Amino acid sequence: MTTLRERQLNALKQMLNLNQPLTKAVANEPTWKVLIFDRVGQDIISPLISIKELRELGVTLHVQLHSDRDSIPEVPAVYFCAPTEENLGRICQDLDNGIYDQYHLNFISPITRQKLEDLAASAIQSNSVMSIHKVFDQYLNFICLEDDLFIMKHQKSDSLSYYAINKGDTKDTEMEAIMDEIVESLFSVFVTLGNVPIIRCTKGNAAEMVAKKLDKKLRENLWDARNNLFHGQAGTFSFTRPMLILLDRNIDMATPLHHTWTYQALAHDVLDLSLNRAVVPENSGPVIPGQKVKTRTCDLDSKDPLWSEHKGSPFPTVAEAIQEDLDKYRSSEAEVKKLKSSMGLDADSDLALSMVSDNTQRLTSAVNSLPQLMEKKRLIDMHTTIATAILNAIKSRRLDSFFELEEKIMSKSSGVESKAVMDLITDTSAGTEEDKMRLFIIYYLCTSQVPEEEYKKFETALLAANCDIKPMTYMKRWKGFTKMSSQGQYEGGGTKTVSMFSKLVSQGSSFVMEGVKNLVVKKHKLPVSRSVESALTSSEGELSWLDPRAARSDATRRAKHAPPTDAVVFVVGGGSYIEYHNLIDFAKQQAASGTTRKIIYGATTLPNASQFLKQLSLLGEELQ
């Protein structure tokens with residue numbers, strides 16, 4: 001049962017081994033080579049393989065395809081790029097100039113017959129046919145961020161955003177192109193997993209278009225006897241086929257704007273975490289206008305134990321965990337120091353002689369543990385930097401108050417009075433303009449009726465707080481269309497406040513937590529997790545059903561099949577870390593009750609709340 005991430009990583013490693021299977025000998029002595037990628041290839045490789053690991057795989061130099069490159073003879077060149085006109089033109093130019101002696105061309109998604117013929121013609125013309133060793137279609141057109149989380153595109157991903165899919169003046173041809181791109185990417189995911197899914201999708205929106213196109217593409221591939229990509233190899237999911245659940249962002253518009261309380265989602269919201277890299281401002285002092293803020297880039301890796309354990313934990317828990325790690329590290333450091341001083345005894349005394357033998361052992365173990373200690377120290381420092389930056393943002397923007405109020409609104413546990421919302425909006429010390437706008441949109445979406453005069457009052461208050469209220473034009477229209485059946489959509493949420501971080505406060509920790517509420521989030525299912533649950537437990541329900549393996553007439557017999565245990569959930573129009581962690585929690589609950597489920601979450605893009613709000617603002621501007 002390998003994960004999606006491992007399978008993508010193995011495919012990349014095999015590609016870097018010139019598409020030969022990896023063996024022990026290769027690992028010890030790789031062939032040296034040059035790696036040339038475009039922006040898409042760079043985004044796919046960077047969350048999976050660090051520069052150090054590229055070295056170990058024999059890559060001496062990695063460069064952008066469209067940069068000025070010098071000729072390097074006698075070294076194989078591995079190309080990893082999308083088969084676009086622009087990229088192929090550049091590859092032909094390289095062949096013309098004879099920059100390298102061996103070319104291994106790997107295309108991220110399949111290259112069309114026509115383009116391949118053009119490439120061949122150009123190779124004949126430049127007399128470089130002998131230099132092209134291999135041409136491969138890699139089917140790796142997606143970016144894997146975690147074992148069970150993928151997105152389609154990072155750089156230049158505006159063409160796939162919620163705005164692009166929902167704006168009023170999209171032509172049919174543009175829409176087709178967006179859908180084809182999504183299908184291409186999902187197809188790559190399933191080729192990498194090695195399974196043909198059963199497809200369920202929401203009706204009457206972009207997700208349904210994607211489902212139909214993907215169904216067609218999978219059928220065509222299964223009928224093509226020579227090039228069947230799902231033939232014979234064992235997939236990730238052993239016997240059962242996974243279910244692909246295609247959902248549209250419109251089923252839940254509140255979650256992408258919601259303030260959050262867990263570590264990874266906070267980093268995404270506050271520090272612009274992208275491709276597993278967070279950019280953290282170094283100085284915590286007041287920002288002086290016009291002065292450039294020093295930043296530090298932190299790579300968050302699944303090999304980092306603290307991160308993999310606590311990325312879904314509430315922030316206070318994370319701060320405690322970092323503090324504990326720091327204390328552990330300090331005690332190990334003290335041990336090494338003690339050892340040094342015990343070595344400085346006079347050579348004459350018998351004590352020194354008796355200690356030499358067991359000191360040698362202790363010294364060896366201390367020396368051996370030094371690299372691990374250094375690495376631990378680096379990780380602790382990094383998490384301290386990130387957590388401090390998040391903490392500063394929580395304090396300066398009073399994010400805990402926003403989070404607590406939004407949870408109350410969304411869970412409808414207690415009738416939230418509009419006064420509480422109004423107080424927070426008019427409070428000048430709380431939050432940024434965006435924070436206030438997010439709070440109001442969530443209040444507006446989750447309250448069945450907002451009377452006109454009350455709405456006007458809010459509008460005046462928001463304008464007084466310098467908010468950009470363009471998103472409301474779109475949200476009003478959206479709410480009118482969708483007749484939100486959201487009453488009780490977020491049931492069972494909410495928070496409770498626990499005694500202040502007593503542990504941290506008493507120990508004089510590096511995190512000054514005063515004035516921040518210690519909120520414990522109650523578990524609840526978001527609309528996305530609820531759709532997934534109903535799709536996996538019953539074959540009826542609101543979602544349409546497509547099965548690429550069945551003959552067209554078999555669709556009626558579907559109810560007899562046992563529903564699959566595993567699912568790939570894909571949100572068209574942008575996902576969020578909050579939903580990702582909510583699905584992980586759902587899988588954990590299921591495991592606890594005896595059903596093991598493997599759930600992979602994917603989305604076209606992963607915008608944070610302020611990016612999502614900007615898209616809503618653009619949509620609102622169009623309607624005015």
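How many aromatic pairs does a search of the whole structure find? The search finds 18, and we will visit a couple of them on this tour. Keep in mind as you click along that the model is predicted.

**Stop 1: two tyrosines on two strands**

Select Y79 and Y100 and show their rings. This aromatic pair is edge-to-face, with 6.3 Å from centre to centre and 75 degrees between the planes. Y79 belongs to strand β3 (residues 72–81) and Y100 to strand β4 (residues 100–107), so the pair ties together parts that are 21 residues apart in sequence. Turn on a surface if you like: both Y79 and Y100 are buried.

**Stop 2: a ring pair between helices**

Next, select F440 and Y455. Their aromatic pair is tilted, at 6.0 Å centre to centre and 40 degrees between the planes. Here the partners sit in helices: F440 is in α16 (residues 433–446) and Y455 in α17 (residues 452–464), so this pair ties together parts that are 15 residues apart in sequence. F440 has a relative accessible area of 1% and is therefore buried. Y455, at 3% relative accessibility, also counts as buried. Now add Y443, Y444 and F458 to the selection, since ring pairs link these residues with F440 and Y455 into a cluster.

**Stop 3: the whole chain**

Zoom out and switch to a cartoon. The chain holds 22 helices and 16 strands. Of its 624 residues, 51% count as buried. Its accessible surface comes to about 29,900 Å², and carbon and sulfur atoms account for 53% of that. If you like contact maps, note that among contacts with a separation of 6 or more, 80% are between residues 24 or more positions apart.

**Stop 4: the seven-stranded sheet**

In which order do the strands of the open sheet of seven strands run? Colour them as β6-β7-β16-β15-β9-β8-β14, and you will see mixed pairing. The edges are β6 (143–146) and β14 (544–546), each of which pairs on one side only. From one strand to the next, the twist averages 20 degrees.

Move in on the β6 edge. Strands β6 and β7 (residues 149–151) run antiparallel and are joined by three bridges. To see the register, select E146 and L149: E146 stands opposite L149 in β7.

**Stop 5: helices packed on the sheet**

Show helix α8 (residues 172–193). This helix lies across β7, β9 (243–248), β15 (567–572) and β16 (599–603), and runs at about 165 degrees to β15.

Then select helix α20 (residues 527–537). Its buried residues are P527, V528, S529, S531, V532, A535 and L536. Show them as sticks along with their neighbours: the buried residues of α20 pack against β8 (198–201), β9, β15, α21 (577–592) and β16.

**Stop 6: K153**

Which residues does K153 touch, not counting those up to four places away in sequence? Select I143, L160, E181, T604 and T605 to see them. K153 itself is in the loop between β7 and α7 (162–166). Draw a distance between the side chains of K153 and E181, which make a polar contact at 3.3 Å. Then pick the C-alpha atoms of K153 and A603: these residues are 450 apart in sequence, with 9.3 Å between the two atoms.

**Stop 7: L391 in helix α13**

Follow helix α13 (residues 350–397) until you reach L391. With a relative accessibility of 3%, L391 counts as buried. Add V516, which is 125 residues from L391 in sequence and 8.7 Å from L391 in space, C-alpha to C-alpha.

**Stop 8: two positive phi angles**

Just past α13, select R398, in the loop between α13 and α14 (399–411). R398 has a positive phi of about 50 degrees although it is not a glycine. Is R398 buried or partly exposed? With a relative accessible area of 27%, R398 is partly exposed.

Finish at L275, in the loop between α10 (263–271) and β10 (277–281). L275 is not a glycine, yet its phi is positive, at about 50 degrees. At 10% relative accessibility, L275 counts as buried.

Terms used. Residues numbered from 1 in each chain as written. Predicted model: local features only at pLDDT ≥ 70, side-chain atom pairs only at ≥ 80, totals over all residues. Heavy atoms only, no water. Pairing = 2+ DSSP bridges. Helix = DSSP H or I, 4+ residues; strand = E, 2+ residues; numbered from the N terminus. Axes fitted to C-alpha atoms, helices over the stretch in contact; angles between N-to-C directions. Contact = heavy atoms within 4.5 Å. Buried < 20%, exposed > 50% of the residue type's maximum accessible area, 1.4 Å probe, protein only. Areas by Shrake-Rupley, 256 points an atom, 1.4 Å probe, with all protein chains shown as cover. Polar contact = N/O pair within 3.5 Å; in protein donor to acceptor, adjacent residues only side chain to side chain. Phe/Tyr/Trp six-rings, centres within 6.5 Å; stacked < 30°, edge-to-face > 60°.
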